[in-house]
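Reader: Could you take one part of this model and walk me through it closely? I'd like to see how the strands sit in the fold, and what else around them deserves a look.

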Amino acid sequence: MKNKKLDSLSPLPHISIAPMMDWTDRHCRYFLRLISPHVLLYTEMVTTGALIHGDRDRFLRFDEAEHPLALQLGGSDPGDLARCAKMGRDYGYDEINLNCGCPSDRVQSGAFGACLMKEPQRVADCVAAMVEAVDIPVTVKCRIGVDDHEGFEFLDHFISTVAAAGCRTFILHARKAWLKGLSPKENREVPPLDYNLVRQIKLNHSNLNIILNGGLTTTEQIYPLIRHPAGFDGVMIGREAYQNPYFLADIEREIFKNPSVRDRETVALDMIYYIKKQMELYDIPIKSITRHMMGLFHAQPGGRVWRQALSTLPFEPGAKPDIIMQALEARQRHLPLAA
Ligand SMILES: Cc1cc2nc3c(=O)[nH]c(=O)nc-3n(C[C@H](O)[C@H](O)[C@H](O)COP(=O)(O)O)c2cc1C
C-alpha cells in the first residue's frame with residue numbers, strides 16, 4: 001500500500017455537505033459555494049458504469065469555484081473504480097469517495113452502496129485499487145450497520161479492514177440501513193441515530209479521520225461534536241443544507257469565524273451571472289438551476305413568496321435570468337405575484 005500524504009485534514013474545521021442524488025448537482029454546489037467558501041462539497045453519487053459507458057463530461061464537469069470538491073463513486077469492481085477515480089483526479093477533484101451507504105434497490109442489484117458493508121474485504125480491494133491509481137485522498141462513506149450486521153464489533157472490523165487498504169477518512173452516517181422493507185427515504189429516518197457508536201469507533205481509531213453524519217441541523221449541535229476531547233474530526237450535513245441553504249452562513253460565521261458572508265440577496269443576484277453563463281454555454285434550462293434556490297429565504301419574511309415565484313417564473317416560455325430580480329422584488333413587496 002502506498003502511504004499517502006493525504007487526509008491530513010486542513011487546520012480549519014472539517015465540515016462537508018453530503019452527496020445527495022438529484023440535489024447536489026453542479027448548479028446546487030455553485031449556489032452553496034456562494035454562501036460558504038469553506039465547506040467541502042460532494043457530488044451526487046456517480047456510478048462507474050455511467051462514467052465508463054456514458055457522457056463522462058456531463059457527469060464530471062464542474063466550475064472551478066466549487067473547490068474543495070469530492071467526487072462520490074458508486075461501484076464494486078476494483079478495476080472500474082480505479083479507472084473512474086483516475087478520471088476524477090484528471091478532472092481536478094480534490095477527493096474520491098466510495099459510496100458504501102446507499103440503500104436503494106437499484107444500487108443493491110448493482111452490488112454496491114450499503115450492501116458492500118457485508119463484504120469488507122471487497123471494499124478494501126476497491127480502496128486499495130483507487131489509492132494506487134490516484135494521489136488524492138480516497139475516502140469511504142458508510143452506515144453503522146446493514147440488516148442484521150450491526151454493533152461495534154461489526155463496524156470496527158469493517159473500518160479496520162478498509163483502513164488497512166489505505167483509507168484514512170471515513171464518513172459515518174450514524175444509522176444502519178435496512179435493505180429489505182424500507183425505502184431509501186425511510187432508511188434516512190427510521191433506523192435510529194447512534195452517535196455513541198461512531199464515537200467508540202473514533203476512540204478505537206484515533207489515527208483515522210472520523211466524520212459524523214446524520215441529523216445535524218444547527219451550529220449549536222455541531223460545535224461540541226467537533227471540539228469535545230473525544231470529538232469527531234468533522235461533520236457532514238445533508239438535508240438541512242439543501243432545504244435551508246443559508247444555514248451554511250451560520251456555519252461560516254460561527255464555525256469558520258468568517259465575518260464576510262454574502263447576504264441572501266447578494267447570493268441570489270450573483271446567481272444571475274451564473275445562470276446566464278450556463279444558459280449560453282450549455283443551454284441549461286433556467287429551472288434546472290433555480291430549483292436549488294427555493295430554500296434561500298427559508299423561515300424568513302417573504303420566504304413563501306420567493307418560493308412561489310421560483311415555482312412559476314422559470315417555467316414561463318422564454319424565461320430569462322432576470323426572473324431572479326422579479327422574485328426578489330416580489331418578496332420585498334411581500335405580496336403574492338398575482339397582485
Ligand atoms: C435526496 C437525497 C439523496 C441522497 N443521495 C445520496 C448519495 O448519492 N450518496 C450518498 O452517499 N448518500 C446519499 N444520501 C444520504 C446523505 O448523503 C446523508 O447521508 C443523509 O441524508 C443523512 O444526513 P442528514 O441527516 O444530514 O440529511 C442522500 C440523501 C438525500 C436526502
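Author: Helices and strands here are DSSP runs, at least four residues for a helix and at least two for a strand, numbered from the N terminus. With that settled, strand 2 (40-47) and helix 10 (239-243) each give at least two residues to the shell around the ligand. Keep in mind that this is a predicted model. The ligand is surrounded by 23 residues, and the closest are Ala18, Met20, Met45, Gly238 and Arg239. Sorted by class, that shell holds nine nonpolar, eight polar and six charged residues.

Strand 2 is a handy way into the part I'd zoom in on, strand 3. The two strands run parallel and are joined by five bridges. One spot to click on is Tyr42, which stands opposite Ala70 of strand 3. Strand 3 also pairs with strand 4 (residues 95-100), again in the parallel sense, over four bridges. There, Leu71 has Ile96 of strand 4 as its bridge partner.

So how buried is strand 3 (residues 69-74)? Six of its six residues are buried, so strand 3 is largely enclosed by the rest of the structure. In a regular strand, side chains alternate between the two faces of the sheet. Here both faces are covered: Leu69, Leu71 and Leu73 are buried on one side, and Ala70, Gln72 and Gly74 are buried on the other.

Just ahead of the strand there's a backbone oddity. The peptide bond from His67 to Pro68 is cis, with omega near -10 degrees. Pro68 sits in the loop between helix 3 (56-60) and strand 3. Most peptide bonds are trans, and most residues other than glycine have a negative phi.

On the phi side, two residues stand out. Asp22, in the loop between strand 1 (14-17) and helix 1 (26-35), has a positive phi of about 75 degrees although it is not a glycine. Asp22 is exposed, with 8 other C-beta atoms within 10 Å. Lys257 also has a positive phi, near 55 degrees, without being a glycine. Lys257 lies in the loop between helix 11 (247-255) and helix 12 (264-282), and with 10 C-beta neighbours inside 10 Å it counts as exposed.

For a contrast, try His173 in strand 6 (residues 169-173). His173 is buried, because 27 other C-beta atoms lie within 10 Å and the cut-off is 20 or more. Leaving out residues up to four places away in sequence, His173 touches Gly101, Lys141, Arg143, Asn213 and Gly214. Pro184 is eleven residues from His173 along the chain, and their C-alpha atoms are separated by 13 Å.

Helix 14 (residues 303-312) gives you burial on a helix: its buried residues are Val305, Trp306, Ala309 and Leu310. They cover an arc of only 130 degrees around the axis, which puts them on the same side of helix 14. An α-helix has 3.6 residues a turn, so residues three or four places apart point the same way. Among what covers the buried residues of helix 14 are helix 13 (286-290) and helix 15 (323-333).

Zooming out, the protein has 15 helices and eight strands, and buried residues make up 45% of its 339 residues. A compact globule with 339 residues would have a radius of gyration near 20 Å, and the protein agrees, with 20 Å. Its C-alpha trace spans about 60 × 45 × 40 Å along the principal axes.

Conventions. Residues numbered from 1 in each chain as written. Predicted model: local features only at pLDDT ≥ 70, side-chain atom pairs only at ≥ 80, totals over all residues. Near = placed C-beta within 6 Å. Nonpolar A, V, L, I, M, F, W, Y, C, P; charged D, E, K, R; others polar. Buried ≥ 20, exposed ≤ 12 C-beta atoms within 10 Å, placed from the backbone. Arc of directions from axis to C-beta. Contact = placed C-beta atoms within 7 Å. Rg over C-alpha atoms; globule rule 2.2 N^0.38 Å. Pairing = 2+ DSSP bridges.
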